[in-house]
Amino acid sequence: MCREHATTSSPVFSRAGELQVSGDNQAELDSYFDTRQFRFHGPDGFETDYAGLANYFKTIRAAFDDRSIRRGIVVAEANYIACQTWIEGTFVREFTQSPAGALAPNGQRVVWDLANIFRFDDQGRIIEEWVRTDYRSFLRQLGAPGK
């Protein structure tokens, strides 16, 4: 994939993120991914496929209201895009997929501060994603026990 192709894929990952967070238009969301070969690599060795990522976002939508996503710095190179991402939501129902297990809502606004790297196939679909985040801050915002 050439540099221009990675740069033109920028709207793809932005729109895909919006659809994951909102839960709108699953067919459109699916079109942005190679749903059969996609691999997700998360913090602490968390690995999943497209269905696993979709289920994770389903639990986010179930637990958080007023969700939004925004992107910061975006760097494109070959068939990769790296970016800053912030996902926000108000924690109003149980979150079953927190890093500490199921947590009761605390009514607070929560911000995931993420660093993402996306790899695209030759058709411009997302085929792989790596994510890093500050779980300590995230868990503190969720009201998880500990320091």
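**View 1. Phe40 and its bridge partner in the sheet.** In this predicted model, Phe40 has Glu129 of strand E6 as its bridge partner. Strand E1 (residues 39–41) runs parallel to strand E6 (residues 126–133), and the two are joined over 3 bridges; strands are DSSP runs of type E with at least two residues, helices are runs of H or I with at least four, both numbered from the N terminus, and two strands pair if DSSP finds at least two bridges between them. Residues are numbered from 1 along each chain as its sequence is written. Because the model is predicted, local features need pLDDT of at least 70 and side-chain atom pairs count only at pLDDT 80 or more, whereas totals for chains, interfaces and linings use all residues, and side-chain values use heavy atoms, with hydrogens and water left out.

**View 2. The open sheet and its edges.** The sheet has 6 strands in the order E2-E1-E6-E5-E4-E3, with mixed pairing. Strand E2 (47–48) and strand E3 (64–77) stand at the edges with a single partner strand each, so one side of each has no neighbour in the sheet.

**View 3. Helix H5 across the sheet.** Helix H5 (residues 135–142) lies across E3, E4, E5 and E6, and runs at about 145° to E5, the angle being taken from 0 to 180 degrees between N-to-C directions of axes fitted to C-alpha atoms, for helices over the stretch in contact. Its buried residues (under 20% relative accessible area, with exposed meaning over 50% and partly exposed in between, for a 1.4 Å probe and protein chains only) are Phe138, Leu139 and Leu142. Seen down the axis of H5, these residues fall within an arc of 95°, so they line one face of the helix; the arc is that of the directions from the helix axis to the C-beta atoms. The face turned away from this buried side carries the exposed residues Arg136 and Arg140. Just after H5, Gly143 takes a positive phi of about 85°.

**View 4. Gln84 and its surroundings in strand E4.** Gln84 belongs to strand E4 and, at 31% relative accessibility, counts as partly exposed. Leaving aside residues up to four places away in sequence, Gln84 touches Arg70, Arg71, Gly72, Ile73 and Leu114, where contact means heavy atoms within 4.5 Å. A polar atom of the Gln84 side chain lies 2.8 Å from the backbone nitrogen of Ile73. Gln84 and Ile117 are 33 residues apart in sequence, and their C-alpha atoms are 9.1 Å apart in space.

How values were computed: Polar contact = N/O pair within 3.5 Å; in protein donor to acceptor, adjacent residues only side chain to side chain.
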